[in-house]
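Trainee: Please take a close look at one part of this model, the sheet and what packs on it.

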Amino acid sequence: MPYDTGGPLVAVVVLALLALFTRWAFAGRTAAPSPVDDGLLTRVATLSRRESALQLRALLSDAGIRSTVRFPGAHRAEVLVFPEDADRARALAASFSTPE
């Protein structure tokens, strides 16, 4: 009885074509870092310690300034406020000394 090689050959060709297609479809698509969008908020300080950022946020809160803290990476914290409070917040942040 003769052995039919057509079926396995077609399967190998289809798999090779699928591999080439997926390589082409996903080549060169690396996730580019998106620019930071602060939305309605303005960044007033960038600190290296979480505790310092939370203390600055408490100081701003005591002054009646609404704020939030964002942690974009390890050992980095950003304090954000609304634009109308940015000048006052920057002045307070400039006088803020982080405890050792």
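Mentor: What follows describes the sheet first and then the helices on it.

This is a predicted model, in which local features need pLDDT of at least 70 and side-chain atom pairs count only at pLDDT 80 or more, while totals for chains, interfaces and linings use all residues. Residues are numbered from 1 along each chain as its sequence is written, and side-chain values use heavy atoms, with hydrogens and water left out.

The sheet is open and has three strands in the order E1-E3-E2, paired antiparallel. Strands here are DSSP runs of E with at least two residues, helices are runs of H or I with at least four residues, and both are numbered from the N terminus. Two strands pair if DSSP finds at least two bridges between them. Strands E1 (42-47) and E2 (67-73) are the edges; each has a single partner strand, so one side of each is left without a neighbour in the sheet. On average, neighbouring strands are turned by 30° against each other, direction ignored. Axes are lines fitted to C-alpha atoms, for helices over the stretch in contact, and angles run from 0 to 180 degrees between N-to-C directions.

E2 and strand E3 (residues 76-81) run antiparallel and are joined by five bridges. Thr-68 stands opposite Leu-80 in E3.

Two helices pack on this sheet, contact meaning heavy atoms within 4.5 Å. Helix H2 (residues 50-62) touches E1, E2 and E3, and its direction makes about 165° with that of E2. Helix H3 (residues 86-95) touches E1 and E3, and its direction makes about 15° with that of E1.
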